[in-house]
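Subject: Structure handover

Hi there,

Here is the structure I promised to pass along. Have a look at it first, and my notes follow below.

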Protein chains: 2
Amino acid sequence: MDRMPEDIPHPSLDEIRIERVLHALADPIRLHLVRELARLDTGVACGSIDLPITKSTRTHHLRTLREAGVVTIHPAGTSRITTLRRADLDTLYPGLLDGILNAPH
Amino acid sequence: MDRMPEDIPHPSLDEIRIERVLHALADPIRLHLVRELARLDTGVACGSIDLPITKSTRTHHLRTLREAGVVTIHPAGTSRITTLRRADLDTLYPGLLDGILNAPH
DNA sequence: TTCGTAGTTCGAGAACCTTCGTACTACGAT
DNA sequence: ATCGTAGTACGAAGGTTCTCGAACTACGAA
């Protein structure tokens with residue numbers, strides 16, 4: 001795992017596995033988070049996307065996305081900025097993310 | 001569900017949901033099956049792709065793929081022909097399948 | 001008709017996932 | 001220094017998934 005300056009671990013490009021990415025995206029809540037991140041097209045405070053779940057569940061889902069390599073998370077004061085790893089995913093799996101984001105929903 | 005002549009149910013295009021497709025593809029055994037189906041590029045008897053699992057587990061995985069809309073299965077004598085729904089998936093999610101099939105593994 | 005082959009169904013166990021509440025840490029503002 | 005806010009860690013409950021073996025069905029061949 002790459003250690004970021006802030007000590008939150010993220011998988012490097014060669015550690016990302018397609019099965020984990022697909023599993024991360026297969027959950028409705030996580031897919032919704034990813035769609036919002038893609039739509040806003042900028043890093044965003046985790047809590048700013050509202051969802052019918054508790055704080056701890058949100059943390060769990062964000063961790064799943066981060067560990068799969070779908071997002072980066074880094075601290076910013078008392079908050080955390082979550083960013084879609086769009087370029088990394090496009091490099092590894094060209095077409096995959098767009099195919100998912102453009103899907104009917 | 002569309003009823004095929006052979007009475008094995010398959011989801012129609014508008015019944016296919018991205019979450020289920022992603023979940024179906026997130027399992028290593030199912031992903032391997034799909035890759036083999038794509039490589040052979042023709043319908044194939046279920047049993048001809050060898051895997052370190054029992055018959056009933058294979059049935060379970062093929063059912064998961066079929067119900068998600070990833071493959072079609074239809075009887076042929078005492079056997080069953082499984083086919084990747086490549087055109088359907090490309091229509092619904094352009095780029096997704098290629099992105100997955102071209103992924104390193 | 002009898003047998004073998006291909007696959008399904010069912011039930012059960014283990015492992016895993018999702019969700020939550022509670023307790024905790026860390027930072028910024030007052 | 002104290003408080004509030006943002007988020008994490010942990011444990012537990014409930015649900016789902018994966019895997020298997022055993023019993024079953026369906027078709028074709030001998």
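Which residues are the closest to DNA strand D? They are A:Lys55, A:Thr59, B:Ser56, B:Thr57 and B:His61, out of 19 residues that surround the strand. Please keep in mind that this is a predicted model.

Staying with DNA strand D, 64% of its atoms that come within 4 Å of the protein belong to sugar and phosphate. Three contacts to phosphate oxygens of this strand may interest you:

- B:Arg30 places a polar side-chain atom 3.1 Å from a phosphate oxygen.
- B:Thr54 uses a backbone N or O atom, also at 3.1 Å.
- B:His60 has a side-chain N or O atom 3.2 Å from a phosphate oxygen.

The surface near DNA strand D draws at least two residues from each of α3 (55-68) and β5 (79-84) of chain A, and from each of α2 (28-40) and α3 (55-68) of chain B. Sorted by class, this surface holds three nonpolar, eleven polar and five charged residues.

Now to DNA strand C. It is surrounded by 19 residues, and the closest are A:Arg30, A:Ser56, A:His61, B:Lys55 and B:Thr59. Sugar and phosphate make up 65% of the strand C atoms that come within 4 Å of the protein. The backbone of A:Thr54 has a polar atom 3.2 Å from a phosphate oxygen of DNA strand C, and a polar side-chain atom of A:His60 is 3.3 Å from a phosphate oxygen of that strand. A base is contacted too: a polar side-chain atom of B:Lys55 lies 2.7 Å from a base nitrogen of DNA strand C. Here α2 (28-40) and α3 of chain A, with α3 and β5 (79-84) of chain B, each give at least two residues to the surface.

How are the two protein chains related? A turn of 180 degrees with a shift of 0.0 Å along the axis lays chain B on chain A with an RMSD of 0.0 Å. The copies are therefore related as by a two-fold rotation axis. Both use the same surface, since 100% of the contact residues of chain B recur in chain A.

Between them, chain B and chain A bury about 1400 Å², 78% of it on carbon and sulfur atoms. B:Glu19, B:Leu22 and B:Ala26 provide 31% of the area that chain B buries against chain A, more than any other three residues.

Finally, an unreviewed UniProt entry lists "domain: HTH arsR-type" for residues 10-104 of chain A. That stretch is 51% helix and 16% strand.

Best wishes

Note on methods. Residues numbered from 1 in each chain as written. Chains lettered and ligands numbered in written order. Predicted model: local features only at pLDDT ≥ 70, side-chain atom pairs only at ≥ 80, totals over all residues. Heavy atoms only, no water. UniProt positions renumbered as here; feature names shortened; annotations may be inferred. Helix = DSSP H or I, 4+ residues; strand = E, 2+ residues; numbered from the N terminus. Least-squares fit on C-alpha atoms with pLDDT ≥ 70 in both. Contact = heavy atoms within 4.5 Å. Near = heavy atom within 4 Å. Polar contact = N/O pair within 3.5 Å; in protein donor to acceptor, adjacent residues only side chain to side chain. Nonpolar A, V, L, I, M, F, W, Y, C, P; charged D, E, K, R; others polar. Buried area = accessible area lost by both parts, 1.4 Å probe.
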